There are 2 protein chains.
Amino acid sequence: MKIAEKGKRNQDNWIYQEVFDAILEQRLAPGTKLSEDALGEVFGVSRTVIRKVLLRLSHEKIVAIRPNRGAVVSIPSIKEAKDTFDARRWIERGVVRRACETISKADIGILTKLVQKEHEAYADNNKSEGIQLSGAFHLKLAEIAGNETLQEYLKELVTRSSLIVAHYESNSAHTCTHNDHKDLITALADGNSDKAVALMEDHLQAIEDKLNLSEADSETNNLKQIFSSVAINRTDVHQT
Amino acid sequence: MKIAEKGKRNQDNWIYQEVFDAILEQRLAPGTKLSEDALGEVFGVSRTVIRKVLLRLSHEKIVAIRPNRGAVVSIPSIKEAKDTFDARRWIERGVVRRACETISKADIGILTKLVQKEHEAYADNNKSEGIQLSGAFHLKLAEIAGNETLQEYLKELVTRSSLIVAHYESNSAHTCTHNDHKDLITALADGNSDKAVALMEDHLQAIEDKLNLSEADSETNNLKQIFSSVAINRTDVHQT
DNA sequence: AGATTACAAATTGTATACAATTCTGTTATG
DNA sequence: CATAACAGAATTGTATACAATTTGTAATCT
């Protein structure tokens with residue numbers, strides 16, 4: 001029950017951030033309906049500004065707007081998941097390469113601190129903060145690389161990655177990826193651009209490999225596939 | 001003076017496309033004010049739907065929305081121009097690499113036809129269509145690559161590239177780039193992935209090199225700079 | 001009883017009305 | 001005459017009202 005007292009200016013930015021964070025931290029799970037009226041009531045604004053926020057989120061593919069049927073938190077398909085990680089690989093290759101050229105001592109300090117905090121978060125079993133800090137590491141790297149366009153794209157991709165990881169993660173915890181970041185910093189500090197790129201590629205591949213992206217277990221999504229056998233036998237099973 | 005008789009459904013999509021095309025073809029030059037009332041009148045809809053369209057265009061960075069001051073067709077800065085081409089290089093590397101794996105004979109036919117039409121357009125001195133077809137070539141390649149995310153990003157980047165080329169192009173016509181596309185098709189058809197990537201990199205670099213991206217000449221943008229000499233002598237020149 | 005259709009409730013899409021802000025042209029003042 | 005202050009107009013931001021669409025429920029018919 002928050003009320004809009006956040007300065008009157010940049011209301012939508014504030015609301016955007018709130019919803020964004022809620023989705024990222026999974027307080028709003030994939031598939032959750034985002035009713036305009038409800039959100040408007042929560043934030044104390046009219047549907048107009050909520051629509052603006054939802055439009056922005058939908059453009060970033062974090063929510064899906066179905067015509068006349070409202071917005072829901074995106075449920076990334078397996079294809080989308082693969083595309084997302086593939087896109088990340090290509091973009092982060094560029095980011096790492098550029099970052100190698102431009103990185104400063106101060107930057108290395110910041111990155112190191114981020115990795116430390118990430119470790120602590122996971123040590124405290126604070127998964128959502130861990131995920132967020134891991135994302136922050138990648139985004140900081142993009143900031144260092146200095147290409148705003150790549151940075152924005154990566155921000156979207158990192159967010160979607162979080163949705164994907166949340167939705168498709170297998171039992172094997174993804175705690176193993178922390179050291180990847182450390183190694184990456186070392187390579188960057190050494191100015192070893194080739195190695196840094198290779199490490200990033202492996203890192204992203206490792207994350208993706210830990211997911212259940214086989215066509216088999218799509219959970220909520222592919223209803224047709226899930227019920228295909230049932231549908232075929234429908235007349236047979238027919239009961240009461 | 002078009003009226004909204006386009007089926008009532010997907011009005012905004014139609015309007016979006018109209019505005020998008022107008023910007024791409026430079027009927028709406030960079031810097032042009034896009035007043036909500038005016039556009040609403042033109043398309044026979046209320047400001048509500050125009051705002052939706054402008055919001056989408058602003059997300060794609062084709063239009064800039066300045067708070068309380070309305071929307072204008074984006075004037076890409078030199079930094080943005082460089083970032084855009086850099087981003088394209090990284091993304092299209094990925095696109096070409098993937099396309100090499102998945103390209104079919106039919107695809108090659110389509111690409112070849114696109115290049116032919118592009119040639120014809122330039123032969124007819126139809127510059128705007130030439131630019132559009134050149135963009136279509138790159139986008140078709142992304143479609144072949146099969147990664148929707150990269151495809152969407154590239155669509156944005158290609159559009160922005162058009163804005164940039166239009167704004168920063170030097171005297172040397174960019175007619176020389178046609179053969180690049182042809183060579184690229186050959187490399188793709190041969191499955192020579194390394195060569196195809198190299199050709200794409202050179203191609204994009206060639207386009208960028210033909211632009212005036214030195215800090216000096218920002219044309220319409222830096223009014224201060226343009227009129228600086230005049231301003232200095234202002235009191236002298238002063239005449240009724 | 002089961003299926004189909006008609007109606008009702010809820011939600012989104014669009015238009016309009018009002019509030020807040022910026023821009024422009026005029027007037028007042030040093 | 002130049003600068004500053006002000007008022008009006010124009011434009012954007014937000015809220016609300018109405019229209020269109022979808023979805024759930026009940027009634028009707030075979």
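The points below describe a predicted model of two protein chains, A and B, with DNA strands C and D.

1. Basis of the note. The model is predicted, with local features requiring pLDDT of at least 70 and side-chain atom pairs counting only at pLDDT 80 or more, while totals for chains, interfaces and linings use all residues. Residues are numbered from 1 along each chain as its sequence is written, chains are lettered from A and ligands numbered from 1 in the order in which they are written, and side-chain values use heavy atoms, with hydrogens and water left out.

2. Surroundings of DNA strand D. There are 19 residues around DNA strand D, with A:Ser46, A:Thr48, A:Arg69, B:Arg47 and B:Arg51 the closest; a residue is near a strand if one of its heavy atoms lies within 4 Å of it. Sugar or phosphate accounts for 67% of the atoms of DNA strand D within 4 Å of the protein, and bases for the rest. By class, this surface has nine charged, seven polar and three nonpolar residues, where Asp, Glu, Lys and Arg count as charged, Ala, Val, Leu, Ile, Met, Phe, Trp, Tyr, Cys and Pro as nonpolar, and the others, Gly among them, as polar.

3. Polar contacts with DNA strand D. A polar contact is a pair of N or O atoms within 3.5 Å; within protein, one must be able to donate a hydrogen and the other to accept it, and residues adjacent in sequence count only if both atoms are side-chain atoms. The side chain of A:Arg69 has a polar atom 2.4 Å from a phosphate oxygen of DNA strand D, whereas the side chain of B:Arg47 places an N or O atom 2.9 Å from a base nitrogen. B:Asn68 uses a polar backbone atom, which lies 3.2 Å from a phosphate oxygen of the strand. Two or more residues of the surface near DNA strand D come from each of helix H1 (11-24) and helix H3 (47-59) of chain A and helix H3 (47-59) of chain B; helices (H or I, at least four residues) and strands (E, at least two) are DSSP runs, numbered from the N terminus.

4. Surroundings of DNA strand C. Of the 19 residues around DNA strand C, the nearest are A:Arg47, A:Arg51, B:Ser46, B:Thr48 and B:Arg69. In the side chain of A:Arg47, an N or O atom is 2.9 Å from a base nitrogen of DNA strand C, and in that of A:Arg51 an N or O atom is 2.7 Å from a phosphate oxygen. B:Thr48 also addresses a base nitrogen, with a polar side-chain atom at 2.6 Å. H3(B) gives the largest share of the surface near this strand, three residues.

5. Interface of chain A and chain B. Each chain brings 28 residues to the contact, contact meaning heavy atoms within 4.5 Å. The area buried between the chains is about 2,500 Å², with 51% from carbon and sulfur atoms; buried area is the accessible area (1.4 Å probe) that two parts lose on being put together, summed over both. A:His59, A:Trp90 and A:Tyr153 supply 27% of the area that chain A buries against chain B, more than any other three residues.

6. Polar links across the interface. Four salt bridges are counted between chain A and chain B, a salt bridge being a side-chain nitrogen of Lys or Arg within 4 Å of a carboxyl oxygen of Asp or Glu. One residue pair in a salt bridge is A:Lys61 and B:Glu152, at 3.0 Å from N to O. Polar contacts join 17 residue pairs across the interface, both residues at pLDDT 80 or more. On the side of chain A that touches chain B, H4(A) gives the most, with 11 residues.

7. A:Asp86 and a shared network. A:Asp86 lies in helix H4 of chain A and counts as buried at 6% relative accessibility, where buried means under 20% relative accessible area, exposed over 50%, and partly exposed in between (1.4 Å probe, protein chains only). Leaving aside neighbours within four places in sequence, A:Asp86 is in contact with B:Arg98 and B:Asn147. B:Arg98 also forms a salt bridge with B:Glu101, the closest N and O atoms being 3.3 Å apart; B:Glu101 is exposed at 57%, whereas B:Arg98 is partly exposed at 22%.

8. A salt bridge between distant parts of chain A. The side chains of A:Asp194 and A:Arg97 meet in a salt bridge of 2.7 Å, N to O. The two residues are 97 residues apart, A:Asp194 in helix H9 (residues 193-209) and A:Arg97 in helix H4 of chain A.
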